[in-house]
Amino acid sequence: MTEADIEAVSAVRVHGWQKAYRGLMPQAYLDAMSVAADAEQRRSWFGRRSPEVSDLVAERDGEVVGWACVGPARDLDIAPGAGELPAPRPTAGELLALYVAPGLIGTGIGRALLSAGTARARASGFHTLYLWVVRGNSRAQRFYERAGFVPDGAEEASEVGGSSVPELRYRRSLA
């Protein structure tokens, strides 16, 4: 991903949320999501992100149609010492995001991004890859389970638009 991809990545992410999370998050929140606001936030973050984080895009005919982001695991039970300076070298990675343009879901773009993200995680020395899935997002759960991810029993809720949205953590060995 380059800085020039930010607007397109934001469009994929916002439209992906609006499609995937309908009925799982407050509709008013999803309706209020803005590609421009997301792109502004992403631009601010882009220049100061950790070099250990990899943003990957999938393109079709020169257009960004998918985005994935992989980096060190953030959960302290997985990455002990993550808050310490200097932090120990992490052995677990996290798939921080994976979105495909809604009209192209099921065409292999997600599998290609997941494969590239997994390869990037291995190259970074991670032995395990984790991710979080919104509970009830059965399409995503099936996708990750087919790719070898299994729920590890961890659950947590995020506040989205004033509502609690439960998430399930999945993991996959990269060994």
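**Helix packing and nonpolar cores**

In this predicted model, helix α1 and helix α3 touch through a fair list of residues: Ile6, Glu7, Val9, Ser10, Ala11, Arg13, Val14 and His15 on the α1 side meet Val35, Ala36, Asp38, Ala39, Arg42, Arg43 and Phe46 on the α3 side. Sorted by character, the residues of this contact come out as eight nonpolar, two polar and five charged.

How do the two helices lie against each other, and at what angle do their axes cross? A pair of packed helices is described by the angle between the axes and the distance between them. Here, α1 covers residues 6-20 and α3 covers residues 35-46. Their axes come within 8 Å and cross at roughly 125°. That angle makes α1 oblique to α3, since it falls outside the 65 to 115 range for roughly perpendicular and is not over 145, as roughly antiparallel would need. As for handedness, α1 goes past α3 in a right-handed crossing.

Helix α3 also holds glutamate 40. With a relative accessible area of 59%, glutamate 40 counts as exposed, because the cut-off for that is over 50%. Glutamate 40 and isoleucine 6 sit 34 residues apart in sequence, yet their C-alpha atoms are 8.7 Å apart in space. Isoleucine 6 is itself one of the α1 residues in the contact with α3.

Turning to the cores, the largest nonpolar one has 25 residues, and Leu98, Leu113 and Tyr144 have the most contacts inside it. Two or more residues apiece come from β1 (54-60), β2 (63-72), β3 (92-100), α4 (109-123), β4 (128-134), α5 (138-146) and β6 (163-173). Which element gives the largest share of this core? That is α4, with four residues. Setting aside neighbours within four places in sequence, leucine 98 is in contact with Trp67, Ala68, Gly110, Leu113, Leu114, Phe143 and Tyr144. Leu113 and Tyr144 thus turn up twice, as contacts of leucine 98 and among the residues with the most contacts in the core.

There is also a second, separate core, this one of 22 residues, including Ile6, Val9, Met33 and Val64. Ile6 and Val9 are also among the α1 residues that meet α3.

Finally, what about glutamate 159, buried or exposed? This residue is in strand β5, residues 150-160. Its relative accessible area is 58%, so glutamate 159 is exposed. Between glutamate 159 and aspartate 75 there are 17 Å, C-alpha to C-alpha, for a pair 84 residues apart along the chain.

Conventions
Residues are numbered from 1 along each chain as its sequence is written. This is a predicted model: local features need pLDDT of at least 70, side-chain atom pairs count only at pLDDT 80 or more; totals for chains, interfaces and linings use all residues. Side-chain values use heavy atoms; hydrogens and water are left out. Axes are lines fitted to C-alpha atoms, for helices over the stretch in contact, and angles run from 0 to 180 degrees between N-to-C directions. Angles under 35 degrees count as roughly parallel, over 145 as roughly antiparallel, 65 to 115 as roughly perpendicular and the rest as oblique. A crossing is left-handed if the near helix is turned anticlockwise from the far one by less than a right angle, and right-handed if clockwise. Contact means heavy atoms within 4.5 Å. Ala, Val, Leu, Ile, Met, Phe, Trp, Tyr, Cys and Pro count as nonpolar, Asp, Glu, Lys and Arg as charged, and the others, Gly among them, as polar. A nonpolar core is a set of buried Ala, Val, Leu, Ile, Met, Phe, Trp, Tyr and Cys residues joined through side-chain atoms within 4.5 Å. Buried means under 20% relative accessible area, exposed over 50%, partly exposed in between (1.4 Å probe, protein chains only).
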